[in-house]
Amino acid sequence: MIINKKKNGTELTMSIEGRLDTSTAPELETAVKSEIEGVTSLIFDVEKLAYISSAGLRVLLSSQKIMSKQGEMKVINVSDTIMEIFDITGFTDILTIE
Amino acid sequence: MASSLESRLETEALTDNLHQVLSFLEQQLDNTACSMKVRMQITMAAEEIFVNIAHYAYGAEVGKAVVISELSDTSHTMTITFIDSGTPYDPLEKEDPDVTLSAEERKTGGLGIFLTKKFMDNVEYSYEDGKNIFKMQKKLF
């Protein structure tokens with residue numbers, strides 16, 4: 001997995017490439033926690049995300065919980081396959097997907 | 001004539017070996033004409049089951065996990081069986097998470113086995129001769 005971070009004022013965009021699974025999810029969680037202070041808009045760009053497992057979903061959920069308190073979070077460029085996972089798990093209702 | 005291709009992988013039940021297990025299954029899937037979507041659903045379900053074994057089956061000890069993949073030419077299905085000799089544990093007994101709750105109300109766990117049940121056509125658990133046996137099946141196309 002590769003995480004590309006782009007910060008623009010209080011807006012943080014994290015582009016995730018590759019596999020977000022049990023082995024790589026802790027890395028994303030650490031990256032979010034270390035960068036999130038003062039961020040009011042967190043954007044996950046998942047255009048190049050090839051795979052997500054429940055461990056990855058947990059990081060999106062915990063990030064959403066943080067951002068609900070301090071601003072907003074968006075997930076962008078979601079593929080059909082990943083959208084189906086969001087649908088089944090009810091994540092389409094709790095995340096802002098664009 | 002009915003034919004099937006069976007392959008077997010034995011490895012230590014450690015999350016570090018997750019990619020070994022997933023690569024093994026992906027190699028089997030390379031022999032099929034299944035879609036990327038089906039491939040991801042199978043891989044995802046397999047990750048959840050293997051990681052469960054790695055986390056819970058042997059406590060602090062390290063034990064073995066066996067993964068058997070069976071591809072049927074006639075029914076176009078893949079059957080994956082996970083076997084470990086750890087603590088008896090039926091993941092199917094776990095209650096499904098409430099997927100209608102808001103982000104704030106949601107607990108972060110329990111999604112893995114829920115997705116496994118959703119994505120696979122058939123899942124079954126048994127405990128035989130001191131072994132946990134988890135079998136899951138999906139039609140490939």
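How far apart are the end C-alpha atoms of helix 2 (residues 54-70) of chain A, and what span should its 17 residues have at 1.5 Å a residue? The model is predicted, so that local features need pLDDT of at least 70 and side-chain atom pairs count only at pLDDT 80 or more, whereas totals for chains, interfaces and linings use all residues. Residues are numbered from 1 along each chain as its sequence is written, and side-chain values use heavy atoms, with hydrogens and water left out. For helix 2 of chain A the expected span is 24 Å and the end C-alpha atoms lie 25 Å apart, which agrees; the expected span is 1.5 Å times one less than the number of residues, and helices are DSSP runs (H or I, at least four residues) numbered from the N terminus. The buried residues of this helix (under 20% relative accessible area, 1.4 Å probe, protein chains only) include Leu57(A), Leu60(A), Leu61(A) and Met67(A).

Between the chains, 28 residues of chain B are in contact (heavy atoms within 4.5 Å) with 24 residues of chain A. The two chains bury about 2,200 Å² between them, 63% of it on carbon and sulfur atoms, where buried area is the accessible area (1.4 Å probe) that two parts lose on being put together, summed over both. Two salt bridges are counted between chain B and chain A, the criterion being a side-chain nitrogen of Lys or Arg within 4 Å of a carboxyl oxygen of Asp or Glu; Lys37(B) and Glu84(A) form a salt bridge at 3.2 Å, N to O. On the side of chain B that touches chain A, helix 1 (18-30), helix 2 (36-56) and helix 3 (111-119) of chain B each supply at least two residues, and helix 2 of chain B gives the largest share, eight residues.

Methods: Chains lettered and ligands numbered in written order. Buried < 20%, exposed > 50% of the residue type's maximum accessible area, 1.4 Å probe, protein only.
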